[in-house]
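Could you walk me through this model in my viewer, one selection after another? I would like to know what to click on next and what is there.

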Amino acid sequence: MRNGSQVQLENRIKGDPAGRPYSAGYVLNTEKRKTENGKRVYAVSLGCPKNLVDTEIMLGGLTRAGWEVTGEPAAADLLLVNTCGFIEPACKEAVDTILDLARLKADRPGVRLVVAGCLVQRYGPELTQDLPEVDLFIGVNDFPALAELLARPQAEGAAPLVHQAPPYAYAGVEARYPATPRHLAYLKIAEGCGHGCTFCLIPQIRGKLRSRPLDTLVQEAGNLAAAGVKELILVAQDTTAYGRDKPGGPGIAVLLRELAAIDGFRWIRLLYGHPARITPELLAVMAANPRILPYLDIPIQHAHDEVLRRMGRGYGRQDILDTVRRIREALPGATLRTTVMAGFPGETEAHFQTLADLITEVGFDHLGVFLYSPEAGTKAAAWGPKVPRREARRRARLLKAIQAKIVRARLKALVGTIQEVLVEGVSPESDYLLTGRMGSQAPDIDGQVYITAGTGQVGEIQPVRLTRALPYDLLGEIVEAGEKGKGGKGEKG
């Protein structure tokens, strides 16, 4: 989701610029069933793509029960918010969104407001008191039962809170109502987290690591490929931990090999890896399969050994450098994304300088910078000395400035080359531009390519000659048939 903002499902209703509906084909009988009860649902999914998959499962269950998805909240009988809640800014965004929809609901008797997700799991009892406008609260393990819960008679008084189900394992292939364009889909390969990072609440909210069965994932991926998905993106709290909760079972390398054998996918992308789990086997599978993009998202969080120890990350500065070296040896030209944190308790100026130096030395292709957020219930929340907020912001700005120089040089070097670009549709900036992404650009979190000339086919990967570099994006022109050899150089995206 771009800049962490909400994803609303209007695009699913409108279809894409080529005139094709965005129906992905793996929500059973949606068209036949959607008018059975004559009711409509409007959904907002906040937070990460992992949360978006849960939203799609809820909508899949609702459509099978006869609900119709609408992109107009004023036309909906049910307003659904799937929340993020692992840091304070996400909680605030969630509450603001809930209140916005509650105001809309106030003028329409009979409309129901349902809140699901991490915020409910974290603050459920308090929310029932603080948000009386909400009709139902559902936790992170109870959401697949949404359609069943809505069918129950409404009770008077406080909104029901349903958040005590056993950890949900995603053991089967759930019906999903796609909230992404037809050519793109996320595949959640595991739930929960087995790490003990001192700043993070995810294990408390989502539970321990629970890897999905290999055959289930292969089946779901096959359904997605048959539905026309060209880019499959694997997500989990830690994708590289896949299978580690099942000793002797398949790991992430085996899963990737199986997925790469499915016909239909052009790109398979791995997000949310762990720097300590980039194994030679994983790199070998990536190098051997052209469908698997040479793209690794490895959040390092910091670079100073003492800060990393206090964070509970399980590696040090030299480990990060060794991992980057191994990746670049195995996958020449690989794209590296990371995230780092400014202002962790006890971070000194020397600690920060070590982080800044490593960012310069490595030269990550994409980098996200976050301010440390002290969250009640985490070990680090009680630690000191605290870094003043103003100082943390200053450090974050400096890191962003370093990264901006790196990105500027990388993008300028691409001008004049021809790259494979996945065409995604009309730009929100102008109806006269198309947008797309190279393989080195993940949706919503990295840059994009603005296509200024040529005939683009939405959902197809086409050659684009890059003509200009912007601070984080590129301009380019589609290379028509017969032109590709005329100037520029082709490089794998």
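Here is a tour of this predicted model, stop by stop.

**Stop 1: the cores**

Begin by selecting Ile189, Leu234 and Leu256, the residues with the most contacts inside the largest nonpolar core, which has 58 residues. Keep Leu234 in the centre of the view and show what touches it. Leaving aside neighbours within four places in sequence, its contacts include Leu187, Ile189, Ile252, Leu255, Leu256 and Leu259. Thr239 and Arg269 are also in contact with Leu234. Another core, of 35 residues, lies apart from the largest one, and you can find it by selecting Val69, Leu136, Leu149 and Leu150, which are among its members.

**Stop 2: helix H8**

Next, select residues 214–226, which form helix H8. From first C-alpha to last, its 13 residues reach 18 Å, close to the 18 Å expected at 1.5 Å a residue. Colour Thr216, Leu217, Glu220, Ala221, Leu224 and Ala225, the buried residues of H8. Now add strand S8 (184–188), strand S11 (231–235) and helix H9 (252–260), which are included in what covers those buried residues. Just after the helix, click on Gly228: its phi is positive, about 105 degrees.

**Stop 3: helix H3**

Move to residues 49–64, helix H3. Its end C-alpha atoms are 22 Å apart, which agrees with the 22 Å that 16 residues should span at 1.5 Å a residue. How many of the 16 residues of H3 are buried? The count is 14, so mostly covered is a fair description of this helix. Gly66 follows H3, and its phi is positive too, near 105 degrees.

**Stop 4: a cavity**

Select Val53, Ile57, Tyr170, Gly172, Glu174, Arg176, Arg212 and Glu220 together, and you have the lining of the largest cavity. About 30 Å³ of space lies inside this cavity. The count of cavities of 30 Å³ or more comes to one. Glu220, one of these lining residues, is also among the buried residues of H8 from the second stop.

**Stop 5: Tyr315**

Now go to the loop between helix H11 (305–311) and helix H12 (317–330), where you will find Tyr315. Is Tyr315 buried or exposed? Its relative accessibility is 9%, so Tyr315 counts as buried, the cut-off being under 20%. Leaving aside neighbours within four places in sequence, Tyr315 is in contact with His274, Pro275, Ala276, Pro299, Ile300, Gln301, Leu308 and Ile320. Draw a distance from Tyr315 to Pro275: their C-alpha atoms are separated by 8.0 Å, although the two residues are 40 apart along the chain. The Tyr315 side chain also reaches the backbone oxygen of Ile300 at 2.7 Å. With the side chain of Arg313, the Tyr315 side chain makes a polar contact at 2.9 Å.

**Stop 6: backbone details**

Most residues other than glycine have a negative phi, and most peptide bonds are trans. With that in mind, select Tyr272, in the loop between strand S12 (267–270) and helix H10 (280–288). Tyr272 has a positive phi of about 60 degrees. Asp444, in the loop between strand S17 (430–438) and strand S18 (449–453), has a positive phi of about 75 degrees. Asp444 counts as partly exposed because its relative accessibility is 27%.

For the last selection, take Gly384 and Pro385: the peptide bond from Gly384 to Pro385 is cis, with omega near -10 degrees. Pro385 lies in the loop between strand S15 (366–371) and helix H14 (389–414).

Definitions and conventions:
Residues are numbered from 1 along each chain as its sequence is written. This is a predicted model: local features need pLDDT of at least 70, side-chain atom pairs count only at pLDDT 80 or more; totals for chains, interfaces and linings use all residues. Side-chain values use heavy atoms; hydrogens and water are left out. A nonpolar core is a set of buried Ala, Val, Leu, Ile, Met, Phe, Trp, Tyr and Cys residues joined through side-chain atoms within 4.5 Å. Buried means under 20% relative accessible area, exposed over 50%, partly exposed in between (1.4 Å probe, protein chains only). Contact means heavy atoms within 4.5 Å. Helices (H or I, at least four residues) and strands (E, at least two) are DSSP runs, numbered from the N terminus. The expected span of a helix is 1.5 Å times one less than its number of residues. A polar contact is a pair of N or O atoms within 3.5 Å; within protein, one must be able to donate a hydrogen and the other to accept it, and residues adjacent in sequence count only if both atoms are side-chain atoms. On a 1 Å grid over the protein atoms alone, a cavity is a set of points where a 1.4 Å probe fits but cannot get out, and a pocket is an open set with protein on both sides within 12 Å along at least five of seven lines; lining residues have an atom within 4 Å of a point. Grid points are joined across faces, edges and corners, and a volume is the space filled by probe spheres set on the points.
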